[in-house]
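Biologist: I'm new to this one and would like a close look at a single helix and its surroundings. Could you walk me through it?

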Amino acid sequence: MAQTIPHVPPEKQLLLNVNGDEAVAYAVKQSLVDVVSAYPITPQTIIVEKFSEFVANGEVHTEFVAVESEHSAMSVCVGAAAAGARAFTATSSQGLALMWEILYIASALRLPIVLAVVNRALSAPINIHCDHNDAYGMRDSGWIQLFVENVQEAYDTTIQAFKIAEDENVLLPVAVNLDGFFLSHTLENIRILPDNVVHEFLGGHRKLAKTRVDYLDGEVPFALNPACPLSIGPLDLYDYYFEHKMHQVEAMKHVLQVVRKVNSEWYELTGRKYGDGVLEPYEVEDADVVVTVLGSTAGTVRSVVKKLRREGKKVGMVKIRMFRPFPHKDIAELLKGVKAVGVMDRGISFGSYGQSYLEIATALYSSKEKPLLVNYIYGLGGRDASPELIENFFKELIGIAEKGYVEEEIRFIGVRG
Amino acid sequence: MISYVSHMLVLPYVVGDVVLFVEIRWHGRGGQGVWTVSNLLAVAASYEDKYVQSFPAFGPERSGAPVLAFTRISDEPIEIHSMVYEPDAVVVLDCTLLGSRAIVEGLKKNGTIVTNYEDEPSKVYGVIGVEKGEYRIYTCPASRLALEVLKRPITNTAMLGSLLKALPIVKLESVFKAIEKRFPGPIAEKNIELVKRAYNETQEVK
């Protein structure tokens, strides 16, 4: 297979030693963002602290709005994006929970805001460490949700997020999720693009979609502007609300294709890609046992797969890069012929299962050859997912594949008692 | 066939398709610059085209409490994102931590211990609580050197110099470059001097 030569080869990309937070801040700096709004106190991240330095140093043109809560931070982004700005904010755990009400407004108004979520456990008890229940809490809010594995991917994905969000067939907000501490506070060396290349990749500043207005009998840019007034999000009862929700349903259908396209463009530009942008399988083709996982643990799982493959075990893994919209068909296709699948969730819907298990079980329901399915709940509140822990449940899954049945559909691993 | 090197003794002789993968654990107390020195080593290795990771034992740092940091250095992209459980080497910035079992916990057989220590070398086994021959132990009078050079008992950069004597995983020049990037001029100069002195005064306990 011919090797694609990236337009910007690695030696032309600047080496940067940064943690995940700084990588996101750097990506935002290069993405010609007009407005950043953030609540600057716990549970905020270094992302906006670092970005505020860029603003203070005059390195960006961005308007930085420090607000009194995350609810306001998202509200400012909604206002700015509705006026045509490229807007960004970042938060974590309880901060994201406080944004919840406005998340729905951002997506329903079709505002391409980008939000970095440093995934951290929700209180109570107070905990500042990593899990995914904060992100899973915004599952139904109409946002696109991407999860990254390492610091390089945090940088890459943040830039890609603006392009995905602003695609005229999408126009939806995007949340870029990176694991608290495991990525946000871990220094790794990454390659970054020159500023002008990022500007070109994004097509410069945000371009506005057009919308038809009857009073002019013509099209105007879809943004609040006194010169050509528009109403956005007014009262909409049982006469039209449902139809407007269908617009969101339709927009979500376009996302998979756009995410794949942006992933390919990024590969041509930088030489880096993440599977097809949606799912990143590894050694799945002939595998009897496959584990699915989101976030930074994907790397640890892959290293365990490599070790077990060296021992001759037929195992594989799928990194789920996009959780919303969920790629049901793609994952069912990938898992065809697999004997047992372990679904890892760093979160749980109390009284039910882990959130990605529910998706994968749904995806497999119509499959003719259903694999056995086990949900592994792990790492709540930042508990470490060690290679040993992962290897142990791989071995358990191999046993399940051999036996041909599952005793416990949900297993809590790395927990006392 | 690629073989994975985790043992330090062969490191200076790494050739061909042998892949370097090293995990180092730093022990110190909150405020001693444990994470900073872990970052310095990672940055220095990145200047030599290695893939690196550096992170603290995740928690709010409290001044004076025992803290950990970890450095991973590899020829290949580092996929793993968990804590370090079986380090190749541990570096101890503060000799009052030496009696703790945490120092040798998980340390690979024949792994390296590099410690700030200035007493009789033969006593160090008893202080750490290990048998002679279990690990390779190096000592450096880092507290004294730091006081002489920096006029402050900050031993992190001294122990980085000491580590490089025990394990030549990166060039001293790369460390100097990392220090110059991290600290302003005069402070960088002092720290570079300290690294050199610590490097020279580090000895293997025979």
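Biologist: When α9(A) passes α12(A), is the crossing left-handed or right-handed?

Modeller: Right-handed: that's how α9(A) passes α12(A) (the near helix is turned clockwise from the far one by less than a right angle; anticlockwise would be left-handed). Bear in mind that this is a predicted model, where local features need pLDDT of at least 70 and side-chain atom pairs 80 or more, while totals for chains, interfaces and linings use all residues. Residues count from 1 along each chain as written, with chains lettered from A and ligands numbered from 1 in written order.

The axes of α9(A) and α12(A), the latter being residues 387–403, come within 9 Å and cross at roughly 60 degrees (axes are lines fitted to C-alpha atoms over the stretch in contact, with angles from 0 to 180 degrees between N-to-C directions). That's why α9(A) counts as oblique to α12(A) (not under 35, over 145 or 65 to 115 degrees). On the α9(A) side, the touching residues are A:Thr300, A:Val301, A:Ser303, A:Val304 and A:Leu308. α12(A) answers with A:Pro387, A:Ile390, A:Glu391 and A:Phe394 (contact is C-beta atoms, placed from the backbone, within 7 Å). Sort the residues of this contact and you get six nonpolar, two polar and one charged (Ala, Val, Leu, Ile, Met, Phe, Trp, Tyr, Cys and Pro are nonpolar; Asp, Glu, Lys and Arg charged; the others, Gly included, polar).

Now for the neighbouring chain. The contact between chains takes 21 residues from chain A and 17 from chain B. On chain A, β1 (14–18), β8 (187–192) and α9 (297–310) each supply at least two residues to the side touching chain B (DSSP runs numbered from the N terminus: helices are H or I, at least four residues, and strands E, at least two). Of these, α9(A) gives the most, with five residues. That whole side of chain A divides into six nonpolar, 12 polar and three charged residues.

β8(A) reaches across too: two bridges join β8(A) to β3(B), residues 51–56, and the strands run antiparallel (strands pair at two bridges or more by DSSP). In that pairing, A:Leu187 has B:Ser54 as its bridge partner.

Finally, the wider setting. Chain A is assigned domain 1 (10–207 + 256–267) and domain 2 (279–412) (bounds from an automatic or database assignment). The centres of domain 1 and domain 2 of chain A, over C-alpha atoms, are 27 Å apart. Their contact takes 24 residues from domain 1 and 20 from domain 2.

Conventions. Contact = placed C-beta atoms within 7 Å.
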